[in-house]
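Morning, everyone, and thanks for making room for me on the agenda. I'd like to walk you through one chain, strand by strand, and then talk about its charged pairs. Let me put it on the screen.

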Amino acid sequence: QGYMNTVNNFSKSMTEAANSATGAATKANNAATTATAAAKACEGIVDGLNTMVDTVTNKSCVLSVEDGILTIREA
């Protein structure tokens, strides 16, 4: 009977630990998903800041630096 209680307590502890680990993994996954979405939003903001319209042709252009050279390309 004494060993059975020890085994049952150990099993209960392992189940609780597994549940805690699963909860932590879920929170970490959600945080990673949120961080990825935020990074994409930041990239979009940067793209928007680097985009302008040619006042003569009304074409959208992207300003960038390529190998140290300032470049404007049609978007």
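Let's start with strand 1, residues 51-53, and strand 2, residues 60-66: in this predicted model the two run antiparallel and are joined by three bridges. If you want a place to rest your eyes, find Val53, which stands opposite Ser60 in strand 2. The hairpin of these two strands has six residues between them. Look out for Asn58 there, which takes a positive phi near 60°.

Now carry on along the chain. Strand 2 also pairs with strand 3, residues 69-74, again antiparallel, and here six bridges join the two. One pair to pick out is Cys61 with its bridge partner in strand 3, Glu74. Please remember Glu74, as we'll come back to that residue. The hairpin of strand 2 and strand 3 has two residues between the strands, and in this hairpin Asp67 has a positive phi, near 55°.

On to the charged side chains. How many salt bridges does the count come to? The answer is two.

The first one I'll show you is Lys59 with Glu74, where the closest N and O atoms are 3.7 Å apart. What does this pair tie together? Lys59 sits in the loop between strand 1 and strand 2, while Glu74 belongs to strand 3, so the salt bridge links parts that are 15 residues apart in sequence. As for surroundings, Lys59 is partly exposed, at 42% relative accessible area. Glu74 has a relative accessibility of 55% and counts as exposed, the cut-off for that being over 50%. So here is Glu74 again, the bridge partner of Cys61 and also the salt-bridge partner of Lys59.

The other salt bridge is between the side chains of Arg73 and Glu66, at 2.8 Å from N to O. Arg73 is partly exposed, with a relative accessibility of 47%. Its partner Glu66 comes out at 33%, and that residue is partly exposed too.

Before I hand over, a word on confidence. The mean pLDDT of the chain is 87, and 100% of its residues reach 70 or more. Which element has the lowest mean pLDDT, and which the highest? Strand 1 has the lowest, at 83, and strand 3 the highest, at 91.

That's my tour, and I'm happy to go back to any part of it. Thanks for listening!

Notes: Residues are numbered from 1 along each chain as its sequence is written. This is a predicted model: local features need pLDDT of at least 70, side-chain atom pairs count only at pLDDT 80 or more; totals for chains, interfaces and linings use all residues. Side-chain values use heavy atoms; hydrogens and water are left out. Two strands pair if DSSP finds at least two bridges between them. Helices (H or I, at least four residues) and strands (E, at least two) are DSSP runs, numbered from the N terminus. A salt bridge is a side-chain nitrogen of Lys or Arg within 4 Å of a carboxyl oxygen of Asp or Glu. Buried means under 20% relative accessible area, exposed over 50%, partly exposed in between (1.4 Å probe, protein chains only). pLDDT is the predictor's confidence in each residue, from 0 to 100.
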